[in-house]
Amino acid sequence: MAATGLRVLALAYGKSLGDLTFAGIVGMEDPPRAGVSDSVRHLREGGVKVMMVTGDSKETALAIAQRCGITGPVHSTGGGHVSRSQSSSSLIDLQLPNDSS
């Protein structure tokens with residue numbers, strides 16, 4: 001699910017944290033805002049290096065970056081840069097192929 005850009009949530013229930021029963025998983029779509037892909041394209045055409053910072057999982061972050069045009073498919077030479085973090089003090093860079101333009 002994450003590889004298609006969905007946020008994956010696990011669901012459980014119980015009377016306490018130590019007594020939870022797994023109920024299943026759900027995929028939630030949070031699509032990029034309208035116009036993001038066009039904006040990324042215009043910025044790149046203007047010579048701006050586009051970067052994305054997110055708290056999403058690696059798989060979700062890459063799928064969203066591809067959807068927005070920040071990077072091409074994982075095995076392409078599309079170029080781009082995605083950083084993911086749960087907090088600003090622990091950024092994890094996902095190195096993507098450099099732009100060939």
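**Exercise 1. Find the element that holds Ser 39, and decide whether Ser 39 is buried, partly exposed or exposed.**

Step 1. Ser 39 sits in helix H1, which spans residues 36-45. Helices here are DSSP runs of H or I with at least four residues, strands are runs of E with at least two, and both are numbered from the N terminus.

Step 2. Ser 39 has a relative accessibility of 40%, so it counts as partly exposed. The classes are buried for under 20% relative accessible area, exposed for over 50%, and partly exposed in between, with a 1.4 Å probe and protein chains only.

Step 3. Now look across to Gly 69: the C-alpha atoms of Ser 39 and Gly 69 are 9.4 Å apart, while the two residues are 30 apart in sequence. Gly 69 comes just after H2 and takes a positive phi of about 85°.

A word on the model before you go on: it is predicted, local features need pLDDT of at least 70, side-chain atom pairs count only at pLDDT 80 or more, and totals for chains, interfaces and linings use all residues. Residues are numbered from 1 along each chain as its sequence is written, and side-chain values use heavy atoms, with hydrogens and water left out.

**Exercise 2. Describe the order of elements in the protein chain.**

Step 1. Count the elements: the protein chain has 2 helices and 5 strands.

Step 2. Read them from the N terminus, and you get β-β-α-β-α-β-β.

Step 3. Of the 101 residues in the protein chain, 28% are buried. In H2, the buried residues are Thr 60, Ala 61, Leu 62, Ala 63, Ile 64, Ala 65 and Cys 68.

**Exercise 3. Work out which residues of H1 are linked in a network of salt bridges.**

Step 1. Start with the total, which is 3 salt bridges in the structure. Each is a side-chain nitrogen of Lys or Arg within 4 Å of a carboxyl oxygen of Asp or Glu.

Step 2. Asp 38 pairs with Arg 41 at 3.2 Å, N to O, and Glu 45 pairs with Arg 41 at 3.5 Å, N to O.

Step 3. Check the spacing: Asp 38 and Arg 41 are 3 residues apart in H1, and Glu 45 and Arg 41 are 4 residues apart in H1. An α-helix has 3.6 residues a turn, so residues three or four places apart point the same way.

Step 4. Together, Asp 38, Arg 41 and Glu 45 form the network. Glu 45 is exposed because its relative accessible area is 58%, whereas Arg 41 is partly exposed at 40% and Asp 38 is partly exposed at 42%.

**Exercise 4. Which parts of the chain are linked by the salt bridge between Arg 67 and Glu 29?**

Step 1. The side chains of Arg 67 and Glu 29 meet at 3.6 Å, N to O.

Step 2. Arg 67 belongs to helix H2, and Glu 29 to the loop between strand S2 (20-28) and H1, so to speak of distant parts of the chain is fair: they are 38 residues apart.

Step 3. Arg 67 has 35% relative accessibility, so it counts as partly exposed.
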